[in-house]
Amino acid sequence: MKKLKIQVQKIDPKALAEVSCDVLLTAVPSLKKLPKNWPGNLRSAVTKGFKAGMVQDSDGALLQLPAPTGFKARRLIVLRQDLKAPHHELAKPLHRALALAASSRAAAWWAPEPGALDVLVRSAQTQTYRYTHGKKNPVARLEQIKLIGPERPSRREAEFGRAVGCGQNLMRELSELPGNVCTPEYLARRARTLGGQYRQLTAKVHTPTQLKRLKMNTLLQVGLGSGHPPRLIELHYKGAGRGRPIVLVGKGITFDTGGISLKPGAKMDEMKFDMSGAAAVFGAMLACAEAEIRSPVIGLIAAAENMPDGLAGRPGDVVTTMSGKTVEILNTDAEGRLVLCDALTFAQRFKPRAVIDLATLTGACVVALGHVATGLMSNDEALAQVLLEAGQRSGDRAWQLPLWPEYRQQLHSEYADLANIGGAPAGTITAGCFLQEFAEEFPWAHLDIAGTAWPDAMGRKRSSGCAVPLLMEYLRS
Ligand SMILES: [Zn+2]
């Protein structure tokens, strides 16, 4: 993993020409009204560039031009953006500016004011990610970011942003790996590697034999048709603080064919992303270690592959979950909640302060919220509010859906305590109601990232690295 070098320095705007870097970036609220304290040749270069139409994007918010004579920097990137805007408005423009800068080795950011540093550095760090398995992409050149301003920019904020960006890069890498590489056992190996890399992290893996002993029958059931049997992976982050841990639970379906309730062929390749919840947990655990979060955090990954086979589970099968409740599996494609329910029961043993699960759980969530917001459901209103605020502050937003008891009735089964699907109406909520049945002992929230994990921008099918910023904002407070 490539980690950006960070430098922070207080400098006088008059000395901007002296900043040695390849590309100098900054933001101004308006390209017509430039800061008075900028060097004269910088002001005139930007004004000329703006008038000459050297604007990079359609909404005229990004100006790229050669640095004025006498500057040590070679390029200038000026973003028309008020940095006091909410972070969800800042995230995209900053990302575009940093994407332009990524072709240089050393970037410098002139921070006219202290805010948004973490979003900026997070964005810069994510620019260093390139997919390299099976396709040789040129490595990113960006290695260093210098943060300069009239006040000394906060190194702490910058390092936090970098930690989040590193976590997002890990999430993206794992999510984008194909199903024939990224199997449950592969995830287990990566967890062990991570445990070896950070003193604060330890990994523990449960094999199918151990899962049988634990009575994690629904997790096992989902993997019955696959040659790559399930794993339950624990990642423990110690932290300096004491107290009860926060547990993150990730859905890790490394490939989802739907099982016997087979999905249609079109776009089935995207089902390699069905472990994005697990990948987000990996990313958050790495970010915890990088940012040295105080609170203890435990990541649980329920990993399985959902395949049709002579040995696969069938629609109508009744399975006893680890909690003792029975489930009638009416549709084998609603498998995410089956692996999660046993993991939620397992989470109980850590006496958690709160449990948050992350899953690409329902297509219905894409219908409800599109690719813009993550779906949030919770049995604890205080926890829901804190997570919603963390989403706002990090620019990685979620929107709450209700878990009213009326919805629970849709999970009625004639043959078991509950059915694993509740029909078409409110499919995201009934999935949440299903999980809630296994989260009775602790404050719990469920994040449905089906719409936000790989937003399919112009058919490119790339992982977004979503949910890691939201989780980290929550975990640091
Ligand atoms: Zn499925």
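A crossing of two helices is called right-handed if the near helix is turned clockwise from the far one by less than a right angle, and left-handed if the turn is anticlockwise. With that in mind, open this predicted model and begin with a pair of helices to which the term applies.

**First stop: α9 and α13**

Select residues 336-347, which make up helix α9, together with residues 427-436, which make up helix α13. When the two are viewed together, α9 passes α13 in a right-handed crossing. Their axes lie 9 Å apart and the packing angle is about 30°; since angles under 35 degrees count as roughly parallel, α9 and α13 are therefore described as roughly parallel to each other. To see where they touch, show the side chains of R337, L340, C341 and L344 in α9, which meet A431, F434 and L435 in α13. Sorted by class, this contact of α9 with α13 holds six nonpolar residues and one charged residue, with no polar ones.

**Second stop: the sheet of eight strands**

Now turn to the open sheet whose eight strands follow the order β7-β8-β10-β9-β13-β17-β14-β15, with mixed pairing. Its edges can be found by selecting β7 at 201-206 and β15 at 398-400, each of which pairs on one side only. Moving across the sheet, neighbouring strands are turned against each other by 20° on average, if direction is ignored. Strands of a sheet pair through backbone hydrogen bonds, either parallel or antiparallel, and the next two selections give an example of each sense.

Select β8 (residues 231-237) and β10 (residues 297-306), which run antiparallel and are joined by seven bridges. A place to zoom in is Y237, whose bridge partner in β10 is V297. Then keep β10 in view and add β9, which pairs with β10 in the parallel sense over 10 bridges; here G252 has A303 of β10 as its bridge partner.

Is β9 enclosed by the rest of the structure or open to the outside? 11 of the 11 residues of β9 are buried, so this strand is largely enclosed by the rest of the structure.

**Third stop: helix α8 and its neighbour α14**

Stay with the sheet and add residues 276-291, which form helix α8 and lie across β7, β8, β9 (246-256), β10 and β13 (354-359). Compared with the direction of β9, α8 runs at about 140°.

Next, add helix α14, residues 468-476, which packs with α8 at an angle of about 45°, their axes being 9 Å apart. That angle makes α8 oblique to α14, and α8 passes α14 in a right-handed crossing. In the contact, A280, G283, A284, A287, C288 and A291 of α8 meet V468, L471, M472, L475 and R476 of α14. The residues of this contact divide into nine nonpolar, one polar and one charged.

**Fourth stop: the loop before α14**

Most residues other than glycine have a negative phi, and the loop between β17 and α14 is a place to look for exceptions. K461 lies in the loop between β17 (444-448) and α14 and has a positive phi of about 50° although it is not a glycine. A467 is also placed in the loop between β17 and α14, and its phi is near 75°, again a positive value in a residue other than glycine.

How many C-beta neighbours does A467 have inside 10 Å? A467 has 31 of them and counts as buried, because 20 or more is the cut-off for that class. K461, by contrast, is partly exposed, with 15 other C-beta atoms within 10 Å.

**Last stop: the sheet of six strands**

Finally, move to the open sheet of six strands, which stand in the order β1-β6-β5-β2-β4-β3 and show mixed pairing. The edge strands to select are β1 at 5-10 and β3 at 62-66, each pairing on one side only, and the twist from one strand to the next averages 20°.

At the β3 edge, add β4 (residues 75-80), which pairs with β3 in the antiparallel sense over five bridges; within this pair, L63 has V78 of β4 as its bridge partner. Helix α1, residues 40-51, packs on the sheet and touches β3 and β4, its direction making about 115° with that of β3. To end the tour, select residues 117-126, helix α3, which lies across β1, β5 (106-110) and β6 (144-149) and runs at about 160° to β6.

Conventions
Residues numbered from 1 in each chain as written. Predicted model: local features only at pLDDT ≥ 70, side-chain atom pairs only at ≥ 80, totals over all residues. Pairing = 2+ DSSP bridges. Helix = DSSP H or I, 4+ residues; strand = E, 2+ residues; numbered from the N terminus. Axes fitted to C-alpha atoms, helices over the stretch in contact; angles between N-to-C directions. Contact = placed C-beta atoms within 7 Å. Parallel < 35°, antiparallel > 145°, perpendicular 65-115°, else oblique. Nonpolar A, V, L, I, M, F, W, Y, C, P; charged D, E, K, R; others polar. Buried ≥ 20, exposed ≤ 12 C-beta atoms within 10 Å, placed from the backbone.
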